[in-house]
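Open the model in the viewer and keep the selection panel at hand. The stops below go from a pair of strands to the chain overall and then to the aromatic rings.

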Amino acid sequence: LQPGRAARPRRAAPRALFGLPAPPNPFGPPPRVSFEARTRNVMGEFPCEGRGGDGGLAAYLADTDRVVAALFPDAGRMQKLADGSYRTFLLERDFLLVRVQPVVDLRLEPSVDAAGVGSLRMECCGWELRGLDQAFMPKAFDMVIDGAVRSEAARTRGARTMSGEVALRVECDVPEPLRLTPTEIFEATGQAFLQSILDAMKAQANASLLNDFKRYQAERARETVRVGAADN
């Protein structure tokens, strides 16, 4: 510097002037992103005879084939892999520049607590993203699904409320063709993508699961009457 002359301040990068994040480095390692969505669903009340019982919900949830058939009434979108394990073919959805069909393997585990109230836990045990060109396939991709169906005390006497909750989380590397997409946009789009999946599952549960359980209760009541009449 010449004597008596102040140093000229450096000009900020154009993106920094507007408060924008720096673009990803296309030559560095792929950025790792994560996004998640969750939903809670109160499906409605059902009659519950006796004190401390659950109206037959424990026995109903133990029949996982029937539960999955109620959640996925289109037989072409569900495949049984083993007892309690199912492959589900979700509807195609747009994600940034591509259209994909998530295929998720689910494991369902029914249980009964000390009070005799049943619940059903759901978790992901495998996944596939169909429709993606190999170039758009993330090199690392992890999906976690944690969900449950249970009953809770209802305001109406002699009834309980069926409810469910699901959390869906994904961690992945950004695919090579999308490396210049700011991670904030990628994560926001991913969260909206997951939320659309959960909203579809919630709508289907509202439309069918509680109604099918009430049909199960009616079937059980008729069977009880039939057995009682036969004994007499």
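Start by selecting residues 141-153 and residues 159-173, which are strands β7 and β8 of this predicted model. The two strands run antiparallel and are joined over 13 bridges. To check the register, pick Met143 and look across to Val170, its bridge partner in β8. Next, move to the connection: β7 and β8 make a hairpin, with five residues between them. Within that turn, select Gly158, whose phi is positive at about 75°. While the strands are displayed, show their side chains: in a regular strand these alternate between the two faces of the sheet.

Keep β7 on screen and add residues 118-130, strand β6. β6 and β7 also pair in the antiparallel sense, over five bridges. One place to look is Ser119, which has Arg150 in β7 as its bridge partner.

Now display the whole chain as a cartoon. The protein chain has four helices and eight strands. What pattern do these elements follow along the sequence? Reading along the chain gives α-β-α-α-β-β-β-β-β-β-β-α.

Switch to a surface view. The exposed area of the protein chain is about 13900 Å², and carbon and sulfur atoms supply 53% of that area. Of the 232 residues, 40% count as buried. If you draw a contact map, consider the contacts with a separation of 6 or more: residues 24 or more positions apart account for 65% of them.

Next, hide the surface and show the aromatic side chains. The structure contains eight aromatic pairs. One of them is formed by Tyr60 and Tyr216, with ring centres 5.5 Å apart and 55° between the planes, a tilted arrangement. Which parts of the chain does this pair link? Tyr60 is in helix α2 (residues 57-62) and Tyr216 is in helix α4 (residues 183-231), so the pair links distant parts of the chain, 156 residues apart.

Colour these two tyrosines by relative accessible area. Are they buried or exposed? Tyr60 has a value of 1% and is buried. Tyr216, at 18%, also counts as buried because the cut-off is under 20%.

For the last stop, select Phe35, Phe95, Phe186 and Phe193 together. Ring pairs link these four phenylalanines into a cluster.

How values were computed. Residues numbered from 1 in each chain as written. Predicted model: local features only at pLDDT ≥ 70, side-chain atom pairs only at ≥ 80, totals over all residues. Heavy atoms only, no water. Buried < 20%, exposed > 50% of the residue type's maximum accessible area, 1.4 Å probe, protein only. Contact = heavy atoms within 4.5 Å. Areas by Shrake-Rupley, 256 points an atom, 1.4 Å probe, with all protein chains shown as cover. Phe/Tyr/Trp six-rings, centres within 6.5 Å; stacked < 30°, edge-to-face > 60°. Pairing = 2+ DSSP bridges.
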